[in-house]
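Dear colleague,

I am handing over the structure we spoke about, and it is placed just below so that you can have it open while you read. My notes on what was found in it follow.

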Amino acid sequence: RIKYVSPNSPADKLGLKRGYRITNLNGTTSLSTALPTTLDFVSNAIFGNAASVSLTVLKPDGSSQALVVSRASYANNPIFSTKVFSVGAKKVAYIMYNSFTTNSRDALATEIGKFQSAGATELIVDLRYNGGGSVATSDVFTNLIAPAAFNGQMMYTTFWTKKMQDIILSIQNRRASILANQPLLDANGKLEIFPGGVNGKYATYADIDYRPTQEAGNVELFNKIGSAEFKKIYFLVLGGTASASELLINNLKGVMPADVKIIGRQTYGKPVGFF
């Protein structure tokens, strides 16, 4: 079945919808088994390098449709859906957010602002298919929906291994010298100028301070964005909800545990990050 369809994608423009059952894929109809060969076939057909994929789908009304979806580039918008529900006398906002992309921060601010204007006092954040992404975007989302009362308090701390904290010594002992060969890039993918650095003109990952302190930049504090306030926040999650999604949830559970509810299944459980 189709789990979801990205807005403005070729599949979306052809009218494919979440829940449609795929009965024929590139001429193959034996798709209902979980055999490795079947899974590999489906994965290669949908996510491989072919220019197109042929599908026949069965719709909820019982009708079938055969179509060809061609590969194309499109602007990704991870905000799949937003709504405001009236529940008795209160307003409850809903947002389905599928990936913590760097280009979605302004859109998040806009949508949260709309919820505030609509008078929403509770918020549902749908992270069922969100496997993570930019930690900086998770910070923005947190500050958009966190209460202003927690400004200046610790949001989270990034902890590195002792080898990383003792990076200069590690380089001397050639146990982590690879970091000195990894250039540190800015938001535009350009080399960071670092005139006073131990590695010369440009910064590398060996120039970063990896201590778990605020001075080192590894302690993130709450810094409210906008003025939206929600009395309760509900997170919809599944087993693939991971990384930056879990960080967002834990950020808020840490300061308002009684008012943050998790609905669904056990999340992925990713306690580590990577460059």
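A convenient place to begin is a single pairing, in which Ser 81 has Met 96 of β5 as its bridge partner. Please keep in mind throughout that this is a predicted model.

The strands around β5

That bridge belongs to a longer arrangement, since strand β4 (residues 79-87) and β5 pair in the antiparallel sense over 8 bridges. The two strands form a hairpin with 2 residues between them, and in this hairpin Gly 88 takes a positive phi near 65°. β5 also pairs with strand β6 (residues 122-126), this time running parallel and joined by 5 bridges. Met 96 takes part here as well, for its bridge partner in β6 is Asp 126. As for cover, β5 is mostly shielded, with 6 of its 8 residues buried.

Just past the end of β5

Where does Asn 98 sit? Asn 98 lies in the loop between β5 (90-97) and α3 (105-117). Its relative accessibility is 7%, and because buried means under 20%, Asn 98 counts as buried. Leaving aside residues up to four places away in sequence, Asn 98 touches Tyr 4, Pro 78, Phe 80, Tyr 129, Asn 130 and Gly 131. Among these neighbours, Tyr 4, Phe 80 and Tyr 129 are themselves linked by ring pairs into a cluster.

Aromatic pairs

Across the whole structure, a search finds 7 aromatic pairs. In one of them, the rings of Tyr 97 and Phe 141 have their centres 5.5 Å apart and their planes at 90°, so this pair is edge-to-face. The pair links distant parts of the chain, with Tyr 97 in strand β5 and Phe 141 in helix α4 (residues 135-145), 44 residues apart. Both Tyr 97 and Phe 141 are buried.

Another pair is formed by Trp 160 and Tyr 210, whose ring centres lie 4.8 Å apart with their planes at 75°, so this pair too counts as edge-to-face. It likewise links distant parts of the chain, 50 residues apart: Trp 160 is in the loop between β7 (154-157) and α5 (162-165), while Tyr 210 is in the loop between β9 (200-202) and β10 (219-221). The two partners differ in cover, as Trp 160 counts as partly exposed at 28% relative accessibility, whereas Tyr 210, at 1%, counts as buried.

The protein as a whole

Stepping back from these details, the secondary structure comes to 7 helices and 12 strands, and the C-alpha atoms fill a box of roughly 65 × 50 × 30 Å along the principal axes. Of the 275 residues in the protein, 36% are buried. If one takes the contacts between residues at least 6 apart in sequence, 64% of them join residues at least 24 apart. The accessible surface comes to about 15,700 Å², and 53% of that surface belongs to carbon and sulfur atoms. Finally, the protein has 28 positive and 18 negative side chains, and the centres of these two sets lie 8 Å apart.

With best regards

Key:
Residues numbered from 1 in each chain as written. Predicted model: local features only at pLDDT ≥ 70, side-chain atom pairs only at ≥ 80, totals over all residues. Heavy atoms only, no water. Helix = DSSP H or I, 4+ residues; strand = E, 2+ residues; numbered from the N terminus. Buried < 20%, exposed > 50% of the residue type's maximum accessible area, 1.4 Å probe, protein only. Contact = heavy atoms within 4.5 Å. Areas by Shrake-Rupley, 256 points an atom, 1.4 Å probe, with all protein chains shown as cover. Lys, Arg positive; Asp, Glu negative; His and termini not counted. Charge placed at Lys NZ, Arg CZ, Asp CG, Glu CD. Phe/Tyr/Trp six-rings, centres within 6.5 Å; stacked < 30°, edge-to-face > 60°. Pairing = 2+ DSSP bridges.
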